[in-house]
Structure formats: structure tokens, C-alpha cells
Amino acid sequence: MIRAAKVNEIPRILDFTQACGAAMRTRGIFQWTPEYPSRNAFARDIRRGELWVFEQEGQVIGTVVLSSHMD
């Protein structure tokens, strides 16, 4: 199920993005750093209604930001 993210899920979402950022850096892609995306960025995305999670069997297993503000 895809649904809006909750503030208490930010730590799990940060786990995803930090792991993805590390994998991207090993491939020479420096779009995400250890500082970005951040807890504050995700909290702002939640306030805007732009942060979504993919939940399966009660576990958050993916996330996406759908925003018209910027890339």
C-alpha cells in the first residue's frame, strides 16, 4: 500500500536514504550526501503532504517524495 508518511517514520526513511546515498557514491553519483536528505527535509515534506511510503505487511519498505517545488 502507498500512503502518506508519518513523522515517526522518518528514522526508517533515513535508513533507506542513507543506504541509497552510500550506494550511489560508490558509483560516482554524489546527489545525496550524509547530510542530505535530512530529518528536517523529510519533516517539511510531510508538512507539505509530499512524502509517501510503500508499506507491505505493516512494514515501510520504500519511500518517495512527489513535489512540484524542486527536483
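The following exchange goes through a predicted model of one chain, from its overall fold to two of its residues.

Biologist: In what pattern do the helices and strands of the chain follow one another along the sequence?

Modeller: The chain holds 2 helices and 3 strands. Read along the sequence, these elements give the pattern β-α-α-β-β.

Biologist: What radius of gyration does the chain have, set against that of a compact globule?

Modeller: The C-alpha atoms fill a box of roughly 30 × 30 × 20 Å along the principal axes. For 71 residues, a compact globule would have a radius of gyration near 11 Å, and the chain agrees with this, its own value being 12 Å.

Biologist: Which elements do the buried residues of H2 pack against?

Modeller: Helix H2 covers residues 39-48, and within this helix Ala41, Phe42, Ala43, Asp45 and Ile46 are buried. An α-helix has 3.6 residues a turn, so residues three or four places apart point the same way. The buried residues of H2 pack against helix H1 (10-26), strand S2 (51-56) and strand S3 (59-65).

Biologist: Is Glu50 buried or exposed, and what is its relative accessible area?

Modeller: Glu50 is found in the loop between H2 and S2, and Gly49, just after H2, takes a positive phi of about 75°. Because residues under 20% relative accessible area count as buried, Glu50 is buried, with a value of 7%.

Biologist: Which side chain is joined to that of Glu50 by a polar contact?

Modeller: Leaving aside neighbours within four places in sequence, Glu50 is in contact with several residues, among them Asp45, Val64, Leu66 and His69. Ser67 and Ser68 also belong to the contacts of Glu50. The polar contact, at 3.3 Å, joins the side chain of Glu50 to that of Ser67.

Biologist: Which residue offers the backbone oxygen that the side chain of Arg25 reaches?

Modeller: Arg25 is found in helix H1 and counts as partly exposed, at 28% relative accessibility. Not counting residues up to four places away in sequence, Arg25 touches Phe30, Trp32, Thr33 and Pro34. The backbone oxygen reached by the side chain of Arg25, at a distance of 2.9 Å, is that of Trp32.

Biologist: How far apart are the mean positions of the positive and negative charges of the chain?

Modeller: The accessible surface of the chain comes to about 5100 Å², with 56% of this area belonging to carbon and sulfur atoms. The chain has 9 positive and 8 negative charges, and the distance between their mean positions is 3 Å.

Notes: Residues are numbered from 1 along each chain as its sequence is written. This is a predicted model: local features need pLDDT of at least 70, side-chain atom pairs count only at pLDDT 80 or more; totals for chains, interfaces and linings use all residues. Side-chain values use heavy atoms; hydrogens and water are left out. Helices (H or I, at least four residues) and strands (E, at least two) are DSSP runs, numbered from the N terminus. The radius of gyration is taken over C-alpha atoms; the globule rule is 2.2 Å times the number of residues to the power 0.38. Accessible areas come from the Shrake-Rupley method with a 1.4 Å probe; for residues, only the protein chains shown count as cover. Lys and Arg count as positive and Asp and Glu as negative; His and the chain ends are not counted. The place of a charge is taken as NZ of Lys, CZ of Arg, CG of Asp or CD of Glu. Buried means under 20% relative accessible area, exposed over 50%, partly exposed in between (1.4 Å probe, protein chains only). Contact means heavy atoms within 4.5 Å. A polar contact is a pair of N or O atoms within 3.5 Å; within protein, one must be able to donate a hydrogen and the other to accept it, and residues adjacent in sequence count only if both atoms are side-chain atoms.
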